[in-house]
Each structure stands twice: as C-alpha cells, then as structure tokens.
Amino acid sequence: MTTEQAGYLDTEYFGFEQALASSGVLTVTFNRPESMNASTHSMKRDLIELITQVQMDDAVRVVVFTGQGRAFWAGDNLGSYEQSHPSAMPTIFGGHHNAAGTYNSLRTISQAVNTAVRRLDKLTISAINGFAIQTGFSFALACDFRIAARSARMGSATLRFGLLPDEGGQWLLVQHLGVAKATDFMMRKRIVDAEAAHELGLVHEVVDDDQLATAAAELAAELAEGPQVAMRMLKRSILLAAEMTWEQSLDEIASKTAVTDHLPDAAEGVAAFQAKRQPEYNDWLR
C-alpha cells in the first residue's frame with residue numbers, strides 16, 4: 001500500500017504527522033515520543049484543523065490514530081499552558097492563567113478536540129500502542145473503534161493530580177461503563193492494562209504489540225470498502241440514539257433511510273446479493 005503525506009497543514013505543526021493511503025485510509029501518528037506524546041494547546045489546535053480538513057476531503061474514508069514510542073497520548077503536558085510551540089494556527093494568548101481562562105481554554109480547545117472527532121462523519125480508529133492517559137484516554141474513547149496493543153495502559157487518573165477529566169472524560173466513561181462502574185473507575189484513579197480494558201468494554205480488540213499496525217490497517221481497509229454514505233449516516237444515528245427516546249430514534253433513522261435506500265450503493269448492494277458477488281460501492285468516490 002503506497003502512502004503520501006496528506007499535507008493539510010502546510011506549515012510546521014506540533015505533535016503529529018499524517019500519511020494518506022491510496023485506499024482512503026489516513027494515518028495520524030502522534031510523534032513526540034520524548035514527552036510520551038503529551039499534548040499542548042498548539043497540538044490540539046492543529047489536530048482540530050486536521051479533523052476539519054478530513055471532514056471535507058472525499059479522498060479520506062477512514063482515519064487511524066496511533067502514537068510513536070511508549071505512549072499513544074499520555075495526557076496533557078502540564079507545563080505547556082503558557083508555552084508557545086510551532087503550529088499551523090496563529091498564536092493565541094491566555095489559557096489557564098485564571099478561572100475565566102481555564103473555562104475558555106477548555107471549551108474552545110481541549111473539549112473541542114473530542115467534539116471534533118465525534119462529529120467527524122468518517123469512521124475513526126484508535127490504535128493504542130502504549131499509555132493512553134487522561135486527555136489521550138478520552139480521545140481514544142471519542143473514536144469509533146479502539147484496538148489496543150497488549151502492553152497498552154489506559155485510564156483517566158486525573159484525581160492523582162487533584163484535577164478533573166475536564167475534556168469530557170466523565171461523560172464518555174459513563175457512556176461506555178455506566179454510572180456505577182464509571183464512578184469506581186474515576187474515583188479510584190484506575191489505570192488498567194489492555195486485557196482489563198477489553199473486559200470492561202473500553203476497547204474492541206487486543207493484539208500483540210507487533211500486530212497492532214496490521215490489525216488497525218485491516219480494520220480500516222474493511223471499513224473503507226463499505227458503503228460510505230450509509231456508514232456515515234449510521235455512525236451519526238448510533239451516537240444520537242444514545243441520547244434519544246425510542247420514538248425520536250425511529251423518526252431519525254427513518255429520515256436517513258429515506259435517503260440511503262435511494263442511493264446507487266443500495267441498488268449495488270441488492271444486485272450484488274442477487275448475483276452472489278461482492279458489492280462494489282462508492283462509485284461517487286472513484
């Protein structure tokens with residue numbers, strides 16, 4: 001599979017690199033292993049811009065996030081709030097210097113990262129290669145699929161520093177674990193290994209460390225070949241269903257079905273089934 005730089009961020013940026021495959025799979029690698037890929041404001045702003053570009057780019061069908069070194073994304077760099085790093089975005093001022101700055105920074109930057117990846121229509125995979133802590137853990141939970149290397153470790157653990165899971169981690173954990181287990185997980189500052197995370201339902205699959213990239217690539221390729229419009233509508237419908245009543249969810253899925261049933265992919269799916277062959281979806285993307 002050949003790759004080329006996606007090139008969405010034409011200037012220097014901080015914290016990750018991108019490569020786009022001919023299959024439509026974009027791999028985003030957090031590339032500051034010396035800091036265990038701890039995040040800064042600059043990295044988060046560039047990541048939001050990348051996700052915005054991905055949303056608008058028909059060449060991208062699936063996004064895989066992973067990390068270099070011992071960590072996937074080991075939380076925030078607690079010393080970075082007032083530091084300036086190279087970024088594709090113009091410098092902004094302020095942040096956690098006072099209460100209003102903390103509120104503004106969370107709503108505008110930190111929380112906006114997870115909001116952006118949840119709003120992204122294209123399917124996302126977190127290939128968790130190592131430590132996924134605090135912000136990095138919440139980001140992984142905000143993605144659609146999670147595959148963990150056997151050596152991975154993950155958790156919120158913000159209370160170890162007297163801090164809160166302020167990027168939406170509490171909501172995401174309640175969605176995955178329910179109130180009782182989420183309370184235990186956060187209040188007791190749990191950091192779990194990959195097998196325990198799988199038992200809790202926090203990751204979909206655990207693989208040997210040297211098989212992580214292959215497993216993520218195989219899943220991404222499978223998803224990239226599916227009927228993209230229907231899959232993107234289904235992603236949105238699933239996320240909405242978690243917050244809707246039964247009647248609301250029925251109306252919502254009926255509205256989307258009124259579109260998808262009359263697309264070329266639906267006709268191709270039926271024809272392929274009748275002919276006992278594999279469907280060839282997504283002519284509009286070719």
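Me: Let's start with strand pairing. Which residue of E9 is the bridge partner of Ile133?

Reply: That's Gly155. Keep in mind that we're looking at a predicted model. The two strands here are E7, residues 131–133, and E9, residues 153–155; they run parallel and are joined by 3 bridges.

Me: What sheet has E7 and E9 in it, and in what order do its strands come?

Reply: The order is E5-E7-E9-E10, an open sheet of 4 strands with mixed pairing. Strand E5 (71–74) and strand E10 (191–193) each have a single partner strand, so they stand at the edges with one side lacking a neighbour in the sheet. From one strand to the next, the twist averages 20°.

Me: Which helix packs on that sheet?

Reply: Helix H3, residues 135–142, does, and it touches E5, E7 and E9. The direction of H3 makes about 115° with that of E5.

Me: How many residues of H3 are buried?

Reply: 8 of the 8 are, so H3 is largely enclosed by the rest of the structure. Among them are Thr135, Gly136, Ser138 and Leu141. Two other buried residues of H3, Phe137 and Phe139, will come back when we get to rings.

Me: Good, rings next. How is a pair of aromatic rings described?

Reply: You give the distance of the centres and the angle of the planes. This structure holds 7 aromatic pairs. Take Trp73 and Phe139: their ring centres are 5.1 Å apart and their planes are at 45°, so the pair counts as tilted. Trp73 sits in strand E5 and Phe139 in helix H3, 66 residues apart, so to speak a link between distant parts of the chain.

Me: Are Trp73 and Phe139 buried or exposed?

Reply: Trp73 counts as buried, at 0% relative accessibility. Phe139 is buried too, with a relative accessible area of 0%.

Me: What about Phe137 and Phe185: what kind of pair do they make?

Reply: A stacked one, because the planes are at 20°, with the ring centres 5.8 Å apart. This pair also links distant parts of the chain: Phe137 belongs to helix H3 and Phe185 to helix H5 (residues 179–187), 48 residues apart. Phe137 is buried at a relative accessible area of 2%, and Phe185 counts as buried at 1%.

Me: Which residues form an aromatic cluster?

Reply: Phe30, Phe65, Phe72, Trp73 and Phe139 form one. You've already met Trp73 and Phe139 as a tilted pair.

Me: Now a strand. Where do side chains point in a regular one?

Reply: They alternate between the two faces of the sheet. Look at strand E6, residues 123–128, where 6 of the 6 residues are buried. On one side you find Leu123, Ile125 and Ala127, on the other Thr124, Ser126 and Ile128, and both faces are covered.

Me: Which strands pair with E6?

Reply: Strand E4, residues 62–67, runs parallel to E6 and is joined to it by 4 bridges. In that pairing, Val62 stands opposite Leu123. Strand E8, residues 145–149, also pairs with E6 in the parallel sense, over 4 bridges. There, Ile125 stands opposite Phe145.

Me: Could we zoom in on one residue of E6? What does Ser126 touch?

Reply: Leaving out residues up to four places away in sequence, Ser126 touches Phe65, Phe72, Phe139, Ala140, Cys143, Phe145, Arg146 and Ile147. Ser126 is buried, with a relative accessible area of 0%. Of these neighbours, Phe65, Phe72 and Phe139 belong to the aromatic cluster.

Me: And two helices against each other? How do H1 and H2 cross?

Reply: First, the general idea: an α-helix has 3.6 residues a turn, so residues three or four places apart point the same way. Here, the axes of helix H1 (residues 41–56) and helix H2 (residues 99–119) come within 9 Å and cross at roughly 35°. The crossing is left-handed. H1 brings residues including Lys44, Leu47, Ile48, Ile51 and Gln55 to the contact, and H2 brings Ser105, Ile109, Ala112, Val113 and Ala116, among others. By type, the contact divides into 8 nonpolar, 5 polar and 3 charged residues.

Me: One last one: where is Ser23 found?

Reply: In the loop between strand E2 (16–21) and strand E3 (25–30). With a relative accessible area of 19%, Ser23 is buried, because the cut-off is under 20%. C-alpha to C-alpha, Ser23 and Trp171 are 34 Å apart in space, and 148 residues apart in sequence.

Note on methods
Residues are numbered from 1 along each chain as its sequence is written. This is a predicted model: local features need pLDDT of at least 70, side-chain atom pairs count only at pLDDT 80 or more; totals for chains, interfaces and linings use all residues. Side-chain values use heavy atoms; hydrogens and water are left out. Two strands pair if DSSP finds at least two bridges between them. Axes are lines fitted to C-alpha atoms, for helices over the stretch in contact, and angles run from 0 to 180 degrees between N-to-C directions. Contact means heavy atoms within 4.5 Å. A crossing is left-handed if the near helix is turned anticlockwise from the far one by less than a right angle, and right-handed if clockwise. Ala, Val, Leu, Ile, Met, Phe, Trp, Tyr, Cys and Pro count as nonpolar, Asp, Glu, Lys and Arg as charged, and the others, Gly among them, as polar. Rings of Phe, Tyr and Trp (its six-membered ring) pair if their centres lie within 6.5 Å; planes under 30 degrees apart count as stacked, over 60 as edge-to-face and the rest as tilted. Buried means under 20% relative accessible area, exposed over 50%, partly exposed in between (1.4 Å probe, protein chains only).
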